[in-house]
Amino acid sequence: MAVRRPYVRPFEPGWWRRNPYFVRYMARELTAPFVGLYALILLSGLVCLALGRAPYEAWVAILRTPASLVLHGVLVAIFAYHSFSWFAIMPKTMPPVSIGGHRIGAAAITLAGLVAAAFCMLAAWFVVQAVA
Amino acid sequence: MPDGRSITLDILRYDGARDAKPRVQAYTIPFTDDMSVLQGVQYVKDNLDGSLAFRWSCRMAICGSCGMMVAGIPRLACRTFLRDFAPGPLAIAPLEHFPIERDLVVDIGGFMDKLGQVKPWIEPRVARALEEGAYRQSPRELERFESFSHCINCLLCYAACPQYGHDPKFLGPAATALLQRYNLDSRDGASQERMEAAHSEEGVWSCTAVGYCSEVCPKAVDPANAVNRTKTESAIDWFARFVRGGE
């Protein structure tokens, strides 16, 4: 009887470059730290607000600098992709949803998520405009 | 009948008794529009090289035996057609992330161990004597798990899963789909026992929601959904332990 000698292929570090699906997945993962980073920026604003008027106005002044505005433009694009990629996979993360005995399709769930995200973004925009 | 067209298959070969590592061997074969990749490798074995090893059985996407990497993507060879890749060369390799036993045959022992961990059978919630008749189930109760019962253990999902490639101890997509298939069954009473296999990091928590397992599944089982729903249940169970007073 022949001796078994199974061959284990190495798991290459560049595995994700071979398939566009994996490239999109890695792009989603790459955008995640920026979401966390921006949460810290917003948190710092809250801390400044708690410290008083002058620190808060200084924080707002920093946000209004040209460099900050450019950064925000880039971040909006990054967050849009991050949101889209997560809502695209959302149907795979939840139990089936039925309304009136009819199961809601994956595309409808993704669309509902994107519409909700767009609504929240617009609502936040109007709130900021109202208080600015 | 062959109509004069041909395609070149670049098949990854490996024989542990002779080869230090896998090598690519090219075969040019005649093909027709209705020839599957499985029929292509069968042509090679029958006419060009009888030493080529591969698994197959039903030829109709039921048995799950003929999974292989076709043009870099995990597919069932019996439902993938040569015409879509002509004139080639078409790369054919054993399923990724599994040890190669020989040529296109992989070692699935690791998966078989995982399958045992999730107890892929019904442990009756309430034991009934034979004379009491069948366990009844409504269509709605069937619908809860039916899609997961379509799994044919073809293992394409494991070949598509980078987390499984990174850590072969990961319970993975198909085993978790079968875990859900039985946990969601109204007749079953062994959910907690199965969840023990899911709770650890090598259970379902290694999954980072890549989702490609569901993309390549030939039976629309959606194993990514099974894994992520199991994560939710595992998290609820973890918090519930505090309520119950810890274990």
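**View 1. A single polar contact links the two domains of chain A.** Across the interface of domain 1 of chain A and domain 2 of chain A, 1 residue pair is in polar contact, both partners at pLDDT 80 or more. A polar contact here is a pair of N or O atoms within 3.5 Å; within protein, one must be able to donate a hydrogen and the other to accept it, and residues adjacent in sequence count only if both atoms are side-chain atoms. On the side of domain 1 of chain A that touches domain 2 of chain A sit 3 nonpolar, no polar and 1 charged residues. The classes are nonpolar (Ala, Val, Leu, Ile, Met, Phe, Trp, Tyr, Cys and Pro), charged (Asp, Glu, Lys and Arg) and polar (the others, Gly among them).

Please keep in mind that this is a predicted model, where local features need pLDDT of at least 70, side-chain atom pairs count only at pLDDT 80 or more, and totals for chains, interfaces and linings use all residues. Residues are numbered from 1 along each chain as its sequence is written, chains are lettered from A in the order in which they are written, and side-chain values use heavy atoms, leaving out hydrogens and water.

**View 2. Where do domain 1 and domain 2 of chain A lie along the chain?** Domain 1 spans 17-89 and domain 2 spans 103-132, with bounds from an automatic or database domain assignment. Their contact (heavy atoms within 4.5 Å) takes 4 residues from domain 1 of chain A and 5 residues from domain 2 of chain A. The area buried between them is about 400 Å², with 78% from carbon and sulfur atoms; buried area is the accessible area (1.4 Å probe) that two parts lose on being put together, summed over both. A:Arg64, A:Phe84 and A:Phe87 supply 80% of what domain 1 of chain A buries against domain 2 of chain A.

**View 3. Chain A meets chain B.** Here 24 residues of chain A are in contact with 35 residues of chain B. About 2,400 Å² is buried between the two chains, and carbon and sulfur atoms give 51% of that area. On the chain A side, A:Tyr7, A:Arg9 and A:Lys92 supply 30% of the area buried against chain B, more than any other three residues.

**View 4. Salt bridges join chain A and chain B.** The count between the chains is 5 salt bridges, each a side-chain nitrogen of Lys or Arg within 4 Å of a carboxyl oxygen of Asp or Glu. One of them pairs A:Arg4 with B:Glu101, whose closest N and O atoms are 2.6 Å apart.
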